[in-house]
Amino acid sequence: MSQNKQGILVTGGAGFIGANFVLDWFRSSDEPVVNLDLLTYAGNPQTLVSLEGDDRYRFVKGDIADTTLIARLLGEHEPRAIVNFAAESHVDRSIHGPEDFIQTNIVGTFRLLDAVRAYWTGLKGEAKDNFRFLHVSTDEVYGTLAPDDPAFSETNQYLPNSPYAASKAASDHLVRAYHHTYGLPVVTTNCSNNYGPYQFPEKLIPLVIVNALAGKPLPIYGDGQQVRDWLYVTDHCSAIREVLAAGQLGETYNIGGWNEKPNIEIVNTICALLDKLRPRADGAGYGEQITYVTDRPGHDRRYAIDARRIERELGWKPAETFETGIEKTVAWYLDNAGWVEDVQSGAYRAWVEKHYGDGRDKPKGIRGRSGSRSVVRPDAKEAV
Ligand code: NAD
Ligand code: TYD
């Protein structure tokens with residue numbers, strides 16, 4: 001690492017959360033970062049273009065499953081910590097094709113852990129004592145909640161339902177096992193749904209903003225009453241920094257925004273903000289574009305995070321409410337149409353065509369429009 005400072009190795013730092021983490025890191029630190037990212041469809045070096053030529057930052061294109069590369073990077077840069085964001089992260093893609101999720105999230109995490117273990121074993125004294133491997137995971141490993149169930153705490157049983165969630169659960173177990181078996185100094189974070197700038201427009205919030213502006217349907221799976229606990233991405237970044245600095249080894253920390261909302265409410269909020277900030281030329285509301293489509297198979301009904309442990313032990317709580325966070329997010333997408341255009345490559349269009357346009361997910365009806373298509377009532381049961 002440059003400047004005689006130890007630095008950290010971030011994996012998956014060209015993706016949504018990883019890139020926000022790297023940008024956020026340099027707002028409060030000069031400690032160098034090496035960013036290892038395979039640049040899959042979800043990785044976008046454009047997000048980090050402001051760091052070009054900055055000698056605190058080095059980008060390396062590569063796979064977390066490439067143990068030779070990892071060993072070389074660890075030997076060259078001698079980082080004091082690894083923050084592992086690299087993953088396949090989209091539930092719908094895991095349903096269409098789980099294999100990449102097994103490869104990166106399970107095999108990749110295993111290979112990374114093994115290479116890191118060899119490096120850590122060779123460290124001495126303070127360098128060895130202070131080393132950390134922070135694994136970034138998800139609340140989806142806990143499965144789904146009924147409406148009145150308490151929110152997920154760190155002691156909830158793992159009951160993953162999608163191939164994505166199962167692959168993340170497996171990676172969490174491997175991280176845990178490397179601590180218990182080999183003593184590797186690990187900490188794991190399980191967070192709720194993130195949103196904010198630079199999120200790839202396959203996830204609900206950016207997809208709805210981008211589709212709304214393009215005059216396209218806003219697809220709501222099933223009845224739109226599924227609940228997620230939304231966390232603004234820079235709040236997630238600050239939580240990770242706290243856990244890295246002071247998290248207890250071998251422990252897990254749940255990170256959430258205390259913002260449980262049904263999907264339809266999220267979409268209505270985005271439509272209302274766009275109506276105010278970028279009204280439609282025809283004077284109609286963006287809500288006209290809401291379209292109920294066939295539900296996701298095995299769709300988890302509700303996620304909610306009990307984030308009291310991280311607040312109690314590390315003094316972290318989110319700075320943003322959903323109202324402040326979503327306003328910032330919508331404003332960012334309006335101001336950064338160029339970034340959105342860049343990521344809407346051929347690969348993006350192919351995904352949209354496969355997932356929304358192949359007949360399986362045909363729209364069931366458009367709310368607020370009359371016509372030949374039947375309107376699906378929000379309380380209607382969807383076939384899975
Ligand atoms: P993302 O899909 O936007 O980015 C993932 C990044 O990892 C991409 O840059 C991609 O190129 C890279 N990558 C993929 N496979 C790789 C490999 N084999 N080697 C190296 N790099 C590889 O994901 P995200 O939303 O930024 O999520 C980051 C992490 O946070 C993931 O581990 C995810 O499971 C977790 N998480 C995300 C959310 C969320 O709401 N986005 C919520 C909870 C947990
Ligand atoms: P998503 O952003 O894919 O995150 P996750 O599945 O990890 O929670 O989806 C968030 C919620 O929005 C989830 O309940 C599925 C729903 N959803 C839609 O209703 N329509 C869509 O087009 C997408 C992408 C998601």
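Around ligand 2 in this predicted model, the shell counts 18 residues, and those that come nearest are Glu 140, Arg 228, Arg 296, His 299 and Tyr 356. Sorted by character, the shell around ligand 2 splits into 8 nonpolar, 5 polar and 5 charged residues.

Several polar contacts can be picked out here. Tyr 356, already listed among the nearest residues, has a polar side-chain atom 2.6 Å from an oxygen atom of ligand 2. Asn 193 also uses its side chain: an N or O atom there sits 2.9 Å from an oxygen atom of ligand 2. With Tyr 221 it is the backbone that takes part, as one of its backbone N or O atoms lies 2.9 Å from an oxygen atom of ligand 2. Taken on its own, ligand 2 has 510 Å² of accessible area, and the protein covers 97% of that. Two elements, helix H7 (204-213) and strand S8 (218-221), each give two or more residues to the shell around ligand 2. Strand S8 supplies the largest share, with 3 residues.

Now for ligand 1. This ligand is surrounded by 28 residues, and the closest of them are Ile 17, Asp 37, Ser 89, Tyr 164 and Lys 168. The mix in the shell around ligand 1 is 13 nonpolar, 12 polar and 3 charged residues.

Ile 17, one of the closest residues, places a polar backbone atom 2.7 Å from an oxygen atom of ligand 1. Nitrogen atoms of the ligand come into play as well. The side chain of Asp 63 has an N or O atom 2.8 Å from a nitrogen atom of ligand 1, while for Ile 64 a polar backbone atom is 3.0 Å from a nitrogen atom of this ligand. On its own, ligand 1 would have 840 Å² of accessible area, of which the protein covers 97%. Helix H1 (16-28), strand S5 (132-138) and helix H6 (163-182) are the elements that give two or more residues to the shell around ligand 1. The largest share, 3 residues, comes from strand S5.

Next, the empty space. Rolling a probe the size of a water molecule over the atoms is a way to see where such space remains. A search of the whole structure turns up 3 cavities of 30 Å³ or more. The second largest cavity holds about 60 Å³ of space. Its lining is made up of Val 91, Ile 95, Glu 140, Asn 161, Ser 162, Arg 228, Arg 296, Pro 297, Gly 298, His 299, Asp 300 and Tyr 303. Some of these names have come up before: Glu 140, Arg 228, Arg 296 and His 299 line this cavity and are also listed among the residues that come nearest to ligand 2. By character, the lining of the second largest cavity divides evenly, with 4 nonpolar, 4 polar and 4 charged residues.

Two serines are worth a look too. Ser 171 belongs to helix H6, one of the elements that contribute to the shell around ligand 1. With a relative accessible area of 1%, Ser 171 is buried, because anything under 20% counts that way. From Ser 171 to Val 49 the distance is 30 Å in space, C-alpha to C-alpha, and 122 residues along the sequence. Ser 192 sits in the loop between strand S6 (186-191) and strand S7 (194-195). Ser 192 is likewise buried, its relative accessibility being 4%. The side chain of Ser 192 reaches the backbone oxygen of Asp 229 at 2.7 Å.

Finally, a couple of backbone oddities. Leu 39 is not a glycine, yet it has a positive phi of about 55°. This residue lies in the loop between strand S2 (33-37) and strand S3 (57-61). Its relative accessible area is 25%, so Leu 39 is partly exposed, a label for values between the 20% and 50% limits. Glu 78 is another residue other than glycine with a positive phi, in this case near 45°. Glu 78 is placed in the loop between helix H2 (67-77) and strand S4 (81-84). At 47% relative accessibility, Glu 78 counts as partly exposed as well.

Technical notes. Residues numbered from 1 in each chain as written. Chains lettered and ligands numbered in written order. Predicted model: local features only at pLDDT ≥ 70, side-chain atom pairs only at ≥ 80, totals over all residues. Heavy atoms only, no water. 1 Å grid on protein atoms, 1.4 Å probe; cavity = no way out; pocket = protein on both sides within 12 Å on 5 of 7 lines; lining within 4 Å. Points joined across faces, edges and corners; volume = space filled by probe spheres on them. Nonpolar A, V, L, I, M, F, W, Y, C, P; charged D, E, K, R; others polar. Near = heavy atom within 4 Å. Polar contact = N/O pair within 3.5 Å; in protein donor to acceptor, adjacent residues only side chain to side chain. Areas by Shrake-Rupley, 256 points an atom, 1.4 Å probe, with all protein chains shown as cover. Helix = DSSP H or I, 4+ residues; strand = E, 2+ residues; numbered from the N terminus. Buried < 20%, exposed > 50% of the residue type's maximum accessible area, 1.4 Å probe, protein only.
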